[in-house]
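Please open the model in your viewer and keep the sequence panel beside it. The stops below say what to select next and what to look for there.

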Amino acid sequence: MKSRQPNQTASPSTQLSPCSICMGNHPVAKCIKLSSASLDEKYDIVRSKRLCFRCLKPGHLSRDCQSRSNCRDCNKRHHTLLHGVNPTNQTGQIQSYYSQGRIQEAQNRHPDSVTATANASSVSLTSPGELTTITSSKIVPVFVSHRDYPGKEVKVYALLDDASDTTFLTNQVKEELGVPGVETNLSLSTMHGRRVISVSRTDGLTVERPDRRAKIDLPRAYTKDKIPSRRNQIPTPAIAEIWSHLQRIKEKIPELDKEIDIGLLIGCNCPKAIKP
């Protein structure tokens, strides 16, 4: 009786499907053309090849992907090679102006540094019957003050960013309030690279609605020269008028105040401020 032969090892040509990007004999995740591309180029390559953003395989979208793997950098549902990719507003997807930006506080007094994620998000909408794309963010007018200086307040626009776990204010607002701060350094990492910046840490800030119906204590905040947002992203009654399902609330949206700036970013570490 003839003995059974051990299973033969498949030849390299049958082990793997050709790479969808360069047609080489390797997985897409090992493709040099993809890994060496810039973030914007990676997004364009994966989108043009109709690959899943989570597993880099064709035939399905990331929302339908059965893979259990997440990004090793942020643990979100995209491939690690695509960490920091910023979709363009032509797709109508959520944009991130910090693009998975990670901020690490390096304090000499504390050997264990603190890591913060800031993703100032906006949503792009295309007007019905038009080709114009309108970008709008959750930006509202508030009065900001300090609990130790109740007589001084500044009216600013605040960006409510549930994709950020940190709160920021501009240096200008801090100076107008005249509040003290602790000088420290932040190692700022974004899609453009990493750099260390000098900032001030401030505790004790509060925000209040313009109608004085609600007042909230803010968590620890850090200063920046500018909040990553644009004035044309501030919601207005005119924007709500464009969509029929928003017309019923247009009267509740304040007119654009040209006298105040976007001076505050409130993250999800202050849920009272960003809850629906």
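Is arginine 212 buried, partly exposed or exposed? Select arginine 212: its relative accessibility is 41%, so it counts as partly exposed, where buried means under 20% relative accessible area, exposed means over 50%, and partly exposed lies in between, for a 1.4 Å probe and protein chains only.

Before moving on, note that this is a predicted model, in which local features need pLDDT of at least 70 and side-chain atom pairs count only at pLDDT 80 or more, while totals for chains, interfaces and linings use all residues. Residues are numbered from 1 along each chain as its sequence is written, and side-chain values use heavy atoms, with hydrogens and water left out.

**The whole chain**

Colour the chain by secondary structure, and you can look for 6 helices and 14 strands; here helices (H or I, at least four residues) and strands (E, at least two) are DSSP runs, numbered from the N terminus. Of the chain's 276 residues, 41% count as buried. If contacts are taken between residues at least 6 apart in sequence, 56% of them join residues at least 24 apart, a contact being heavy atoms within 4.5 Å.

**Arginine 212 and its surroundings**

Return to arginine 212, which lies in the loop between β11 (205–208) and β12 (215–217). Although arginine 212 is not a glycine, its phi is positive, at about 65 degrees. Most residues other than glycine have a negative phi. Add phenylalanine 143 to the selection, and you will find arginine 212 over the face of its ring, at 4.1 Å from the ring centre; a charge sits over a ring if NZ of Lys or CZ of Arg is within 6 Å of the ring centre and within 35 degrees of the ring normal.

**Strand β6 and its partners**

Next select residues 139–146, which form strand β6 and are mostly covered, with 7 of the 8 residues buried. Extend the selection to strand β7 (residues 149–161), which runs antiparallel to β6 and is joined to it by 8 bridges; two strands pair if DSSP finds at least two bridges between them. The connection from β6 to β7 is a hairpin through 2 residues, and within this pairing valine 142 stands opposite valine 156 in β7. Strand β6 is also joined to β11, by 4 bridges and again in antiparallel fashion, and here valine 144 has valine 207 in β11 as its bridge partner.

**The aromatic pair**

Now select tyrosine 43 and phenylalanine 53. The structure holds 1 aromatic pair, and the ring centres of tyrosine 43 and phenylalanine 53 are 5.7 Å apart with their planes at 50 degrees, so the pair is tilted. Rings of Phe, Tyr and Trp (its six-membered ring) pair if their centres lie within 6.5 Å, and planes under 30 degrees apart count as stacked, over 60 as edge-to-face and the rest as tilted. Tyrosine 43 belongs to helix α3, whereas phenylalanine 53 is in the loop between α3 and β1, 10 residues away. Tyrosine 43 is buried, at 3% relative accessibility, while phenylalanine 53, at 23%, is partly exposed.

**The annotated span and the cysteines**

Select residues 52–67, which an unreviewed UniProt entry annotates as "domain: CCHC-type"; such annotations may be inferred rather than shown by experiment. This span is 0% helix and 0% strand, and its end C-alpha atoms lie 10 Å apart.

Then show every cysteine: a search of the whole structure finds 0 disulfides, a disulfide being a pair of cysteine sulfur atoms within 2.5 Å. The sulfur of cysteine 71 has its closest cysteine sulfur in cysteine 74, 3.8 Å away, which is too far for a bond, and cysteine 71 is buried, with a relative accessible area of 2%.

**Two loop residues to finish**

Select asparagine 75, in the loop between α3 (39–48) and β1 (94–96), where its phi is positive, near 65 degrees, in a residue other than glycine. Asparagine 75 is exposed, with a relative accessible area of 57%.

Finally, select glutamine 247, in the loop between α5 (237–242) and β14 (262–267). Glutamine 247 is partly exposed, at 33% relative accessibility, and, leaving aside residues up to four places away in sequence, it touches Ala240 and Glu241. Proline 237 is 10 residues from glutamine 247 in sequence and 8.3 Å from it in space, C-alpha to C-alpha.
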